[in-house]
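The exercises below are to be worked with the sequence and the 3D view side by side. Each task is followed by a solution in steps.

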Amino acid sequence: MRKANNSYYKSIAYIIKGNSDMKAGLAITALFVIFALTAPYIAPYGVYDTDTSSILKPPSIKHLLGTDEMGRDLLSLNLYALKSTLLVGLLSAILASIIGLLMGIISGYYNGLIDWVISRVVDFLIAIPAIVLMIVMGSIFASGILSVILIIALLSWAPIARVIRSIVLSVKELPFVQAAKALGASDLRIIRKHIFPSVIPMTLALTILSIPNAIFSYAALVFMGVGSVEELNLGTILYYAYVSGSLASGKWWYFIPPGFLLVMLSLALMMTGRALERELNPRLKGEQHEL
Amino acid sequence: MFSYILRKLFSTLASILLIFTLAFIMFRLLPGDPVSLMFRDPRLTREQIDYLMREFGLNKPLWEQYFIYLLNAFRGNLGISFYYKQPVNGILIERLVNTLILLIPSTLCAILLGVVTGSISAWKNNKAIDKIITSTSLVLYTLPTYWLGGLLIILSITYLKLPVTGMYNYGVQYGSYIDRLLDLFSHMTLPFITLTLVSYGSFTVIIRSALVDISTEDFVKASYAMGFSEKRIFLKILLKNVSLPILSMSAIAIGTSVAGAVLTETVFAWPGVGRLIYDAVINRDYPLLQGSFLVISVSVVLANMIADLLYGVLDPRVRTR
């Protein structure tokens with residue numbers, strides 16, 4: 001068992017080594033994680049340090065990214081904001097993947113009514129603009145960060161379920177699975193021993209790809225004033241830049257950096273996820289730069 | 001064909017019913033739901049509360065409330081806005097027109113641009129121009145809508161001097177229709193650019209990958225073998241065959257465009273349904289929020305249905321599936 005695991009890790013290391021997209025993506029992501037974790041040590045000011053003598057001042061030596069309307073250092077705020085942005089993205093993506101994985105396996109493995117019902121729900125969730133439903137649900141139920149995570153996860157598992165279902169549909173027909181079935185293996189055993197291992201790698205890629213979506217959904221929700229705007233993350237910095245009128249008066253140093261960080265982080269994660277997906281899906285492998 | 005249309009109509013109806021049921025569950029059933037809070041809302045007068053009680057049938061059993069709600073909704077009766085103190089459907093119709101003024105031109109423009117650059121990109125597969133186009137569309141696809149809008153606002157304040165909020169200038173007496181139209185256009189420029197750019201990225205990629213997919217088919221190889229010019233193969237064979245995948249994928253992209261419109265309208269205070277959602281959230285105006293949600297979701301489902309039906313007309317294979 002241990003040996004099998006070892007070769008599994010080796011093959012992951014091999015994939016990373018030969019793939020420059022993935023290397024770059026992972027490196028940038030790692031940089032973000034390091035900044036997020038070390039924010040209290042590297043940030044020049046604290047979150048609550050207000051400097052009344054410099055309010056909404058443009059970048060200077062003293063404040064590298066300028067200050068906000070309360071005289072707080074924006075570089076420090078952006079650094080502190082990374083942690084919760086990453087955390088919400090990661091947790092929502094993991095939760096969405098778990099739901100998507102379960103739904104995909106159930107729907108792909110069992111035909112009939114349950115497959116039909118899950119597939120219709122998936123179609124529905126993919127067709128309607130999720131952000132609208134998130135805003136509506138969020139403004140009714142969201143009281144804190146956990147409920148926002150739950151709402152994002154509940155509304156973004158559908159594309160994952162669709163991909164997993166199609167993999168399960170093809171794996172189910174493979175001779176060794178048919179053989180296991182003929183030998184009288186239970187459904188649960190077949191799912192656990194044969195179906196599950198074959199969908200896990202793709203689930204990993206899809207999880208990585210869902211993180212940027214979750215991060216964007218979260219930032220968009222906060223920007224729309226849904227959820228808690230007291231909690232510091234990149235979305236709340238954008239929200240306050242907008243509602244304080246700093247955006248409308250052209251205070252670019254308030255509005256540009258958090259969005260830039262969001263875009264960099266998402267691009268890095270998407271590069272990693274796409275590269276992994278291409279490695280796992282030979283059909284995509286020949287294509288370069290596929291979104 | 002007839003059974004295909006019937007099937008599509010049925011599934012559309014099912015989706016719409018699902019949307020209405022979802023709204024009922026969210027706004028009425030779950031604990032802390034807005035309707036039960038509504039009667040403690042100090043903004044409502046006694047008569048309005050009585051009226052709502054009768055309209056919603058709140059003293060009746062739950063299943064009866066559900067049917068009253070469905071019946072009301074299908075009649076276009078979506079309740080009264082707390083904030084505007086007007087029927088929700090009237091507000092929605094006015095706002096929906098404003099949304100469409102913004103959404104339709106920018107989506108068409110994005111599709112058109114996407115077809116052009118997506119074709120160039122697929123045509124020059126893996127050459128420098130392809131890489132430039134695909135990475136640009138990747139970045140545009142990644143840009144948060146409201147952030148892109150904000151960048152344009154900052155740019156406009158310092159350089160472009162275009163209006164950044166609303167649809168018209170306040171309190172202006174227009175000399176003629178032309179003046180009014182010009183004012184509308186100048187207000188529309190920035191939201192239009194924002195919405196076009198955010199949907200453009202995904203359209204380019206959709207069209208590029210559809211073209212690349214089809215160019216590996218045998219009949220394309222055969223055309224090369226027959227000695228047709230590359231230009232002819234591209235225009236007569238590839239583009240013609242790729243129109244179907246483009247249609248079906250554009251249907252999915254409608255949802256993305258609508259989501260983009262909600263955020264774009266919010267940033268630019270464009271008085272459409274999207275901005276209405278933002279205002280409803282800020283004012284805790286639940287009837288209006290429910291109405292906006294229903295209108296947006298049902299419109300997207302209907303747009304999908306139209307795309308599906310068109311697909312059925314154009315491609316006989318899907319009808320028999």
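**Exercise 1. A serine in chain B**

Task: Find the backbone oxygen that lies 2.8 Å from a polar atom of the side chain of B:S297, then describe the surroundings of B:S297.

Solution.
Step 1. The backbone oxygen belongs to B:F293, and its distance from a polar atom of the B:S297 side chain is 2.8 Å. The model is a predicted one.
Step 2. Place B:S297 in its element: helix α12 of chain B, which covers residues 286-314.
Step 3. Decide whether B:S297 is buried or exposed. Its relative accessibility is 2%, and buried means under 20%, so B:S297 counts as buried.
Step 4. List the contacts of B:S297, leaving aside neighbours within four places in sequence. They are A:I128 and B:I19.

**Exercise 2. The interface of the two chains**

Task: Describe the contact between chain A and chain B by its residues, its buried area and its polar pairs.

Solution.
Step 1. Count the residues on each side: chain A gives 42 and chain B gives 50.
Step 2. Take the area. About 4200 Å² is buried between chain A and chain B, and carbon and sulfur atoms give 79% of it.
Step 3. Look for charged pairs across the interface: the rule finds zero salt bridges between chain A and chain B.
Step 4. Look for polar contacts. Seven residue pairs across the interface are in polar contact, with both residues at pLDDT 80 or more.
Step 5. Trace the side of chain A that touches chain B. The elements of chain A that give two or more residues to this side are α4 (113-127), α5 (130-141), α9 (187-223), α10 (234-243) and α11 (252-280).
Step 6. Pick out the element that gives the most: this is α11(A), with 10 residues.
Step 7. Sort the residues of this side of chain A by type. The result is 32 nonpolar, eight polar and two charged.

**Exercise 3. Chain A as a whole**

Task: State the secondary structure of chain A, the span of its C-alpha trace, and how much of chain A is buried.

Solution.
Step 1. Count the elements: chain A has 12 helices and zero strands.
Step 2. Take the C-alpha trace of chain A along its principal axes. It spans about 80 × 45 × 35 Å.
Step 3. Of the 291 residues in chain A, 49% are buried.
Step 4. Turn to contacts in chain A between residues at least 6 apart in sequence. Of these, 68% join residues at least 24 apart.
Step 5. Add the surface: the accessible surface of chain A is about 13600 Å², and 68% of that belongs to carbon and sulfur atoms.

**Exercise 4. Two aromatic residues**

Task: For A:Y254 and B:F203, give the helix, the burial and the contacts.

Solution.
Step 1. A:Y254 lies in helix α11 of chain A. Because its relative accessible area is 2%, A:Y254 is buried.
Step 2. Beyond its neighbours within four places in sequence, A:Y254 is in contact with several residues, including A:L56, A:D68, A:E69 and A:L74. A:I237 is also one of its contacts. A:I237 is 17 residues away along the chain, and the two C-alpha atoms are 7.7 Å apart.
Step 3. B:F203 lies in helix α8 of chain B, residues 177-214. B:F203 counts as buried because its relative accessibility is 2%.
Step 4. Not counting residues up to four places away in sequence, B:F203 touches B:T107, B:A110, B:I111, B:G114, B:S250, B:A253 and B:S257.
Step 5. Compute the separation of B:F203 and B:H187, which are 16 residues apart along the chain. Their C-alpha atoms are separated by 25 Å.

Methods. Residues are numbered from 1 along each chain as its sequence is written. Chains are lettered from A and ligands numbered from 1 in the order in which they are written. This is a predicted model: local features need pLDDT of at least 70, side-chain atom pairs count only at pLDDT 80 or more; totals for chains, interfaces and linings use all residues. Side-chain values use heavy atoms; hydrogens and water are left out. Contact means heavy atoms within 4.5 Å. Buried area is the accessible area (1.4 Å probe) that two parts lose on being put together, summed over both. A salt bridge is a side-chain nitrogen of Lys or Arg within 4 Å of a carboxyl oxygen of Asp or Glu. A polar contact is a pair of N or O atoms within 3.5 Å; within protein, one must be able to donate a hydrogen and the other to accept it, and residues adjacent in sequence count only if both atoms are side-chain atoms. Helices (H or I, at least four residues) and strands (E, at least two) are DSSP runs, numbered from the N terminus. Ala, Val, Leu, Ile, Met, Phe, Trp, Tyr, Cys and Pro count as nonpolar, Asp, Glu, Lys and Arg as charged, and the others, Gly among them, as polar. Buried means under 20% relative accessible area, exposed over 50%, partly exposed in between (1.4 Å probe, protein chains only). Accessible areas come from the Shrake-Rupley method with a 1.4 Å probe; for residues, only the protein chains shown count as cover.
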